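Please look over the sequence and the model shown below before reading on. The report that follows goes through a pocket, a sheet and a few loop residues in turn.

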Amino acid sequence: MPHHTTALRLVAPVAVLALSLTACGGSDDNADAKSPATEKAKVFPSPEPTSGGAMKAGEIATGKVEEDPGKVTYEILAQKVDVGTEAEAAKAVSEPDKVKGKVLATAYLKYTHKSGPALTDGADVHDGTTVFADGQRGTVLIGASEDAAGCEDPYDVDSWKQGESHVFCETYVIPANAKNVEVHWSEEDGEPYIWKFPNA
């Protein structure tokens with residue numbers, strides 16, 4: 001359940017509101033649908049691990065990320081979402097008119113290094129995180145979450161070994177009247193794991 005906060009500390013006096021645009025890429029695969037290889041694939045599909053889907057509260061996902069030193073397997077847990085007020089959202093951006101009727105939602109995710117090389121110069125695992133409200137993707141607010149209580153800056157992690165955990169946060173702007181907040185995390189080109197938090 002989201003924790004309503006009275007103040008969100010910011011790294012900079014004014015955070016940057018970034019419009020998140022997503023594009024769906026099409027496939028240029030012109031292979032004949034009736035080719036022998038295609039028919040064989042239909043009969044004997046290659047086994048691929050399934051990933052993504054709805055997660056229960058406290059349920060942990062597992063995913064792989066290509067980090068700078070190599071591929072790392074993580075356990076990911078969306079812990080909570082802190083939802084702020086419309087006044088806080090207006091103070092956090094340089095153009096308050098753009099966030100009328102909106103609030104800030106900060107998602108807290110715990111990442112545990114399970115296998116792979118140790119990290120020595122930051123982490124990219126948080127890049128797979130997005131926040132949705134009532135099924136619609138929010139707008140990311142850059143620079144607003146690294147200094148929030150209990151949040152770490154992933155680029156400041158200079159030693160991360162197997163078995164160790166860190167909490168990284170992502171702040172998004174969402175409608176103030178949203179009934180549900182969803183935290184999504186996915187591997188590159190993978191289906192998202194989705195944790196849902198009622199906004200009560």
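## The largest pocket

Which residues lie nearest the centre of the largest pocket? In this predicted model, the largest pocket has a lining of 14 residues, and those nearest its centre are Lys64, Val65, Ser186, Glu187 and Glu188. The space in this pocket comes to about 350 Å³.

Strand S4, which covers residues 61-67, gives the largest share of the lining, namely three residues. When the lining is sorted by class, eight residues are charged, while three are polar and three are nonpolar. Rolling a probe the size of a water molecule over the atoms shows where empty space is left.

## The open sheet

Five strands form an open sheet with mixed pairing, and their order across the sheet is S3-S12-S11-S7-S8. Strand S3 (53-55) and strand S8 stand at the edges, and because each has a single partner strand, one side of each is left without a neighbour in the sheet.

Within this sheet, S11 and S12 run antiparallel and are joined by six bridges. A pair of residues that can be found in the model is Trp185 and Tyr193 of S12, which stand opposite each other.

## Two aspartates with positive phi

The loop between strand S11 (180-185) and strand S12 (193-198) holds Asp189, a residue other than glycine whose phi is nevertheless positive, near 65°. Is Asp189 buried or exposed? Asp189 counts as exposed because its relative accessibility is 77%, and the cut-off for exposed is over 50%.

Asp134 also has a positive phi, about 50°, although Asp134 is not a glycine. Its place is in the loop between strand S7 (129-133) and strand S8 (136-137). With a relative accessibility of 41%, Asp134 counts as partly exposed, since that class lies between the 20% and 50% limits.

## A contact across the sequence

Where in the chain is Asp68 found? Asp68 belongs to the loop that lies between S4 and strand S5 (70-83), and because its relative accessibility is 67%, Asp68 counts as exposed.

Asp68 and Gly122 are 54 residues apart in sequence, and in space the distance between them, taken from C-alpha to C-alpha, is 8.6 Å. A reader who wishes to follow this in the model can start from Asp68, in the loop after S4 and before S5, and then look for Gly122 at that distance of 8.6 Å.

Terms used:
Residues are numbered from 1 along each chain as its sequence is written. This is a predicted model: local features need pLDDT of at least 70, side-chain atom pairs count only at pLDDT 80 or more; totals for chains, interfaces and linings use all residues. Side-chain values use heavy atoms; hydrogens and water are left out. Helices (H or I, at least four residues) and strands (E, at least two) are DSSP runs, numbered from the N terminus. Buried means under 20% relative accessible area, exposed over 50%, partly exposed in between (1.4 Å probe, protein chains only). On a 1 Å grid over the protein atoms alone, a cavity is a set of points where a 1.4 Å probe fits but cannot get out, and a pocket is an open set with protein on both sides within 12 Å along at least five of seven lines; lining residues have an atom within 4 Å of a point. Grid points are joined across faces, edges and corners, and a volume is the space filled by probe spheres set on the points. Ala, Val, Leu, Ile, Met, Phe, Trp, Tyr, Cys and Pro count as nonpolar, Asp, Glu, Lys and Arg as charged, and the others, Gly among them, as polar. Two strands pair if DSSP finds at least two bridges between them.
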